[in-house]
Amino acid sequence: MFLRLLSDVRWRAARPPRGGWTRSRRSSSSAAEPHPASLPAQAQVVICGGGITGTSVAYHLSKLGWKDIVLLEQGRLAAGTTRFCAGIVSAARPVSIELKMADYSNKLYEQLEQETGVKTGYLKTGSISLAQTQDRLISLKRIASSLNVTGIPCEIITPKQVAQLHPLINIHDLVGAMYVPGDALVSSADVSLALATAASRNGVQIHERTSVSHVLVQKGRVTGVETDRGQISCQYFVNCAGQWAEVFTPPLHSFPSTFLSSAAIVDPDGRIYIRNWQGGILSGGFEKNPKPLFTEGRNQLEIQNLQEDWDHFEPLLSALLRRMPDLEALQIMQLVNCPETFTPDMRCIMGESPAVRGYFVLAGMNSAGISYGGGAGKYLAEWMVNGYPSENVWPLDLKRFGSLQSSRTFLRHRVMEVMPLICDLKVPRWDFQTGRQLRTSPLYDRLDAQGARWMEKHGFERVKYFVPPGKGEIMSLPSAPILVCVSS
């Protein structure tokens with residue numbers, strides 16, 4: 001497979017010169033390394049997962065002065081979802097903390113190659129988010145306003161300006177677009193390897209082909225981990241296991257994510273993204289009818305390409321060809337179909353478990369791991385070292401979920417709704433439709449009969465407003481005076 005071969009070649013080139021991390025004998029390449037280093041008996045921190053989040057946490061912990069760290073990866077570094085990531089690093093995010101994480105990640109990746117000597121494929125190309133409707137353009141203007149306030153250059157442009165920036169784009173149905181010149185492209189696996197290289201040089205021990213089977217807990221606190229190569233005593237455990245993270249605790253659900261492997265354009269109305277890739281085009285998207293994945297591929301140590309499903313990909317392919325008609329004459333190199341994890345509310349999971357002290361989680365990136373990975377790793381490392389992060393990460397805190405959101409029935413239905421919503425326009429005060437009425441008050445039926453309209457918070461149904469019996473959903477409201485404040 002082309003992507004696999006490319007990753008292997010870069011992997012050998014990126015390995016640290018003095019045996020900074022090791023592979024177990026079970027590795028297919030163990031003939032060249034017959035005596036892997038043994039696991040330490042104890043460490044301050046054990047990190048489970050060698051993808052972009054795990055290596056980022058290790059990198060930032062070592063930068064903050066913690067050196068007694070062991071990172072364990074059941075396969076090879078960056079061989080999970082990170083390996084198949086599209087590699088678009090964009091700060092165009094509607095949630096403030098996500099915007100800040102992506103902005104930091106971009107700045108980190110830009111200097112990472114110079115710091116480590118490992119090529120990361122970083123290329124500042126900018127990104128263009130397209131709008132086919134006025135409602136979408138208004139949404140992009142809101143995001144652009146947030147970016148400009150944060151100090152990130154951004155502008156709303158016309159369809160003609162889109163054609164000037166990217167001549168292959170069909171602009172006939174566009175009403176405008178948002179251009180973020182600072183957005184970038186990277187090779188996700190190589191970024192992860194560069195972070196691992198820097199962490200290793202700072203004293204972090206990295207062991208591949210080592211699976212974590214149990215987290216040991218005594219009196220409500222982490223005391224160690226059990227692996228297939230022995231036990232390690234530790235004070236802190238960090239779960240960065242991606243789609244395997246659910247084995248330990250967080251409410252996650254996997255979907256196959258599909259894209260073509262054969263510049264950075266985001267067409268949310270068409271549900272697709274496009275970037276240049278090795279002299280060709282890489283495109284993917286978020287279908288309206290995702291297929292949940294619970295067990296297929298979960299027993300693999302490394303994520304492999306799942307079975308091709310061209311019928312399922314056809315709507316995204318049609319949207320791609322409408323947006324770039326010149327691609328019809330080109331040959332498709334490969335259809336990649338691999339799992340991606342999504343959370344019940346479309347925000348990643350970060351923080352310390354409320355039930356077990358010393359147990360930290362960073363997972364559920366909702367197909368934005370490369371954009372969030374650098375910043376998320378930084379904030380979690382600060383949380384562990386200082387007791388709190390430098391930014392308000394409350395919207396991402398693990399504590400926002402309870403046992404109800406961890407059931408497979410809830411996840412299967414909720415995440416079927418979540419993935420299509422990534423591209424959908426969301427009006428103010430919108431609410432999820434799945435996983436409802438899990439917790440209701442004794443007055444629920446009486447309030448509902450009186451015209452209550454409901455919202456959900458942590459599984460509880462709460463009244464949002466009332467519509468009197470006999471009235472429609474759309475109510476005319478009396479005009480009210482509006483105070484407009486203008487800053488000088």
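**Core packing and salt bridges in the predicted model**

Leaving aside neighbours within four places in sequence, Met350 is in contact (heavy atoms within 4.5 Å) with Met101, Val361, Leu362, Ala376, Tyr379, Leu380, Trp383, Val393, Leu396, Asp397 and Leu398. The model is predicted, so to speak of local features requires pLDDT of at least 70 and side-chain atom pairs count only at pLDDT 80 or more, while totals for chains, interfaces and linings use all residues. Residues are numbered from 1 along each chain as its sequence is written, and side-chain values use heavy atoms, with hydrogens and water left out.

Met350 also belongs to the largest nonpolar core, a term used here for a set of buried Ala, Val, Leu, Ile, Met, Phe, Trp, Tyr and Cys residues joined through side-chain atoms within 4.5 Å. Of the 34 residues in this core, the ones that touch the most other members are Val45, Ile47, Leu61, Val238, Met350, Leu380 and Met384. Two or more residues are given to the core by each of β2 (42–48), α2 (52–63), β3 (69–72), α3 (96–116), α6 (188–201), β12, β19 and α8 (369–386). Helix α8 provides the largest share, seven residues. Helices (H or I, at least four residues) and strands (E, at least two) are DSSP runs, numbered from the N terminus. A second, separate core has 21 residues, including Leu39, Val46, Leu72 and Val356. As a general background, nonpolar side chains in soluble globular proteins tend to be buried together.

Strand β19 is a good place to look next. This strand spans residues 359–363 and is mostly covered, with five of its five residues buried; buried means under 20% relative accessible area, exposed over 50%, and partly exposed in between (1.4 Å probe, protein chains only). Tyr359, Val361 and Ala363 point one way from β19, whereas Phe360 and Leu362 point the other way, and all are buried. Two strands are taken to pair if DSSP finds at least two bridges between them. By that rule, β12 (residues 230–239) pairs with β19 in the parallel sense over three bridges, and Val238 stands opposite Phe360. Strand β18 (residues 349–352) runs antiparallel to β19 and is joined to it by four bridges, with Ile349 as the bridge partner of Ala363. The hairpin of β18 and β19 has six residues between the strands, and Gly358 takes a positive phi near 85° there.

Turning to charged side chains, the count comes to 16 salt bridges, each defined as a side-chain nitrogen of Lys or Arg within 4 Å of a carboxyl oxygen of Asp or Glu. One of them joins Arg323 and Asp173 (2.9 Å, N to O). Arg323 is buried, with a relative accessible area of 3%, whereas Asp173 is partly exposed at 26%.

Another salt bridge joins Glu456 and Arg414 (3.9 Å, N to O). Glu456 lies in strand β20 (residues 452–457) and Arg414 in helix α9 (residues 408–421), so this pair ties together parts that are 42 residues apart in sequence. Both Glu456 and Arg414 are buried. The side chains of Lys464 and Asp431 likewise meet in a salt bridge (2.5 Å, N to O). Lys464 lies in strand β21 (residues 460–466) and Asp431 in the loop between α9 and α10 (444–449), so the parts tied together are 33 residues apart in sequence. Lys464 is partly exposed, with a relative accessible area of 27%, while Asp431 counts as buried at 19%. Finally, salt bridges that share partners join Asp173, Asp267 and Arg323 into one network.
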